[in-house]
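Subject: Structure handover

Hello,

Please find the structure below. My notes on it follow.

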Amino acid sequence: MSSLDWFVIGASLLGIVVYGVWRGRGSADLGGYLLAGRTMRWPAIALSIMATQASAITFLSAPGQGFADGMRFIQFYLGLPIAVIILAATAVPIYHRLKVYTAYEYLERRFDAKTRTLAASLFLVQRGLAAGLTIYAPSLVLSVLLGWNIYLTNLLIGTLVIVYTASGGAKAVQYTQVVQMLVIFFGFGIAFILILNSLPAGVSFTDAAMVAGKMGKLNAIDFSFDLTNRYNIWSGLVGGTFLLLSYFGTDQSQVGRYLTGRSIAESRVGLLANGFVKIPMQCAILFLGAMVYVFYLFAAPPVFFNPVEVERVRAGAYGAAFREVESRYDAVSVERNQRVRAYVDARHSGDASAEAETERALQAADADAKTVRADAVAIIQRNDPSAQTSDTNYVFLSFVLGHMPVGVVGLVLAAIFAASMSSTSAELNALSSTTSVDFYKRFFAGAQQGVAAAVAKREVLVSKWATVFWGIFAIAFAEYASRLGSLIEAVNILGSLVYGTILGIFLVAFYLKRVGGNAVFLSALIAEVAVVVCFLFTDISFLWYNVVGCLGVVGLSLLLTASGTKTPEPATA
Amino acid sequence: MNDDAPRGDEPRDEPPPILGSWPALYAALLIYLALLIALLAWFTRALA
């Protein structure tokens, strides 16, 4: 990397930390520290919600998914508008009216302390580990492609986030997220334009889109119903709605963002704005990956995008076999290159039969290239059965490092760091809120004595230390995270293991007033076991775990209540 | 406890900045989603 790239990265990181510390100063009580004094307007809330959801994993893995698997991943987000409408209409006004700090606080007011503690504990475990992955994912990719030390990269990202999040709380998180989203939009916007400009002379945007479509990369919607198919319109609309209802409605890292709104309307609009923006934004990122695929049809792509695994196999017992596969891949790439040019020429000539013929030839060459690539992956696995055989996370950054001009490389890396920091800071703020409000304040409230200002100061101090603790926990988990396939899916799978159950508890709380604490608590335990059984012993796609967990809690709660299980009256606020 | 019952010190439920009412804004978002799905489905069929 050039010194200009280093300057862009360094200035961005330093600027974000200094800005966060400056904007976050002066929070004297828990409301100011954990909820920014409930003073935020909807544009800041909207960007903050978006920045929390879109981590570095999103920006590294999603273009790779677009490259490898086309645009079908977009269906995962189809439930998002439905989920935010339901939450804007129901959860947002309830949380605001009760003036809660965390979503779990509401559960004690509705049920009892044990249900609140169960949901808060599930959140702490899941989100604490996810925060580690949020730091680890970009560090892994950067260490492989740039040779950076992964431990130091984890430590750098984690420490910078701890500094401004612990110092300024929610205000620092939210104001820096606005800046981080602007860096991300700018960085990826420039990258998008440059990718289209990188196509050979005579190849237009329409040509590129047509080629991507013929290669099966623009398969955005699949109407077939199949429970084992991870992404189709039904899993997106049903499973995705359940997952995103749980994520936006019960995950404190998101609830904490819109609870900072100065009114119900500000929180609602901030949430709904994501329903309008998220799908087009995700489409653009996946389309970027499809365009990188088209770019490599005209160029000479590596057979495998993870250079560490490639070097390992080259140096191992299968080195000769791998080099032979690389030579074959170069040959089929040249063949594919000629055929894609022939297809574009045929398109320009307007000769339909020539276009159809060259299209078939191109698809045959692409199939050959995929076969050779599969051979390469098989050799990598034979050489080391524990090798990472998915290279989707490395595709986009490999392209940026190899084909983007000086300065833009630094800008894209700054955007990736910004994305990592924005998600991590919201996660640490949420973990701190839950620890201090649902555990410290809840169970040690009796020990708090003295004047109100001193109590408030102590609570803020506890929250700051909780932020530091969870930051260190996340860094520690990042340092020891094991190898994973597609990282974005790993985080979503982890979330799906508990989100359905938590959502079920909240749905019962919101809509089934007859159900009491004991019934919902027992139902939640049984439903969680059912979800784990699905994960361990079935092939059901992970999006459906949310449905199983949620309907399990709701159904069992109704059953237990109807069968006369003794449940206590809801506690009053 | 009635979660939905208003209290004196509660935040007011204001109308949205556009379209006049919350149901209208929710309906607009659902229509937008339907149009997006239709557009993506067309995109898939037209370019595949």
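**Where the chains meet**

This is a predicted model. In the contact between chain A and chain B, 28 residues come from chain A and 24 residues from chain B. Four elements of chain A give two or more residues each to the side that touches chain B: helix 5 (80-89), helix 6 (91-98), helix 10 (205-214) and helix 13 (264-297). Helix 13 of chain A has the largest share, with 7 residues. By class, the side of chain A that touches chain B holds 20 nonpolar, 6 polar and 2 charged residues.

Chain B itself is quickly described. The secondary structure of chain B is 1 helix and 0 strands. Of the 48 residues in chain B, 15% are buried.

**Helix 6 against helix 13**

Two of the helices that touch chain B also pack on each other. The axes of helix 6 and helix 13 of chain A come within 10 Å. They cross at roughly 145°. The crossing of helix 6 of chain A past helix 13 of chain A is right-handed. Helix 6 of chain A brings A:Val92, A:Pro93 and A:His96 to this contact. From helix 13 of chain A come A:Ile264, A:Ser267, A:Arg268 and A:Leu271. Sorted by class, the residues of this contact are 4 nonpolar, 2 polar and 1 charged.

**A:Asn274**

Stay on helix 13 of chain A for A:Asn274, which is found there. Is A:Asn274 buried or exposed? A:Asn274 is buried, because 24 other C-beta atoms lie within 10 Å, and the cut-off for buried is 20 or more. Leaving out residues up to four places away in sequence, A:Asn274 touches A:Ala46, A:Ile49, A:Met50, A:Leu80 and A:Val84. Look at A:Pro81 too. A:Asn274 and A:Pro81 are 193 residues apart in sequence, but their C-alpha atoms are 7.6 Å apart in space.

**Helix 10**

Helix 10 of chain A is another of the elements that touch chain B. Which residues of helix 10 of chain A are buried? They are A:Ala208, A:Met210, A:Val211, A:Ala212, A:Gly213 and A:Lys214. Note the lysine in that list: A:Lys214 is buried. The cover over the buried residues of helix 10 comes from both chains. From chain A, it includes helix 13, helix 15 (319-349) and helix 16 (352-383). From chain B, it includes helix 1 (22-47). After helix 10 of chain A comes A:Gly216, with a positive phi near 80°.

**Chain A as a whole**

Chain A has 22 helices and 0 strands. Its radius of gyration is 25 Å, close to the 25 Å that the globule rule gives for 573 residues, so chain A is as compact as a globular protein of that length. The C-alpha trace of chain A spans about 80 × 55 × 50 Å along its principal axes. Buried residues make up 57% of the 573 residues in chain A. Now the contacts in chain A with a separation of 6 or more: 86% of them are between residues 24 or more positions apart.

**Domains of chain A**

The domain assignment splits chain A into domain 1 (3-295 + 402-562) and domain 2 (312-387). Domain 1 is thus given in two segments of the sequence, 3-295 and 402-562. The C-alpha centres of domain 1 and domain 2 of chain A lie 37 Å apart. How many residues of chain A link the two domains? In domain 1 of chain A, 6 residues are in contact with 8 residues of domain 2 of chain A. The domain 1 side of that contact has 4 nonpolar, no polar and 2 charged residues.

**Two backbone points to check by eye**

Most residues other than glycine have a negative phi. Here are two with a positive value.

- A:Ala36 has a positive phi of about 50° and is not a glycine. A:Ala36 is in the loop between helix 2 (30-35) and helix 3 (42-53) of chain A. A:Ala36 is buried, with 30 other C-beta atoms within 10 Å.
- B:Leu19 is not a glycine either, and its phi is positive, near 70°. B:Leu19 lies in the segment before helix 1 of chain B. B:Leu19 counts as partly exposed, because it has 13 C-beta neighbours inside 10 Å.

Best wishes

Definitions and conventions
Residues are numbered from 1 along each chain as its sequence is written. Chains are lettered from A and ligands numbered from 1 in the order in which they are written. This is a predicted model: local features need pLDDT of at least 70, side-chain atom pairs count only at pLDDT 80 or more; totals for chains, interfaces and linings use all residues. Two residues are in contact if their C-beta atoms, placed from the backbone, lie within 7 Å. Ala, Val, Leu, Ile, Met, Phe, Trp, Tyr, Cys and Pro count as nonpolar, Asp, Glu, Lys and Arg as charged, and the others, Gly among them, as polar. Axes are lines fitted to C-alpha atoms, for helices over the stretch in contact, and angles run from 0 to 180 degrees between N-to-C directions. A crossing is left-handed if the near helix is turned anticlockwise from the far one by less than a right angle, and right-handed if clockwise. A residue is buried if 20 or more other C-beta atoms lie within 10 Å of its own, exposed if 12 or fewer, and partly exposed in between; C-beta atoms are placed from the backbone. Domain bounds come from an automatic or database domain assignment. The radius of gyration is taken over C-alpha atoms; the globule rule is 2.2 Å times the number of residues to the power 0.38.
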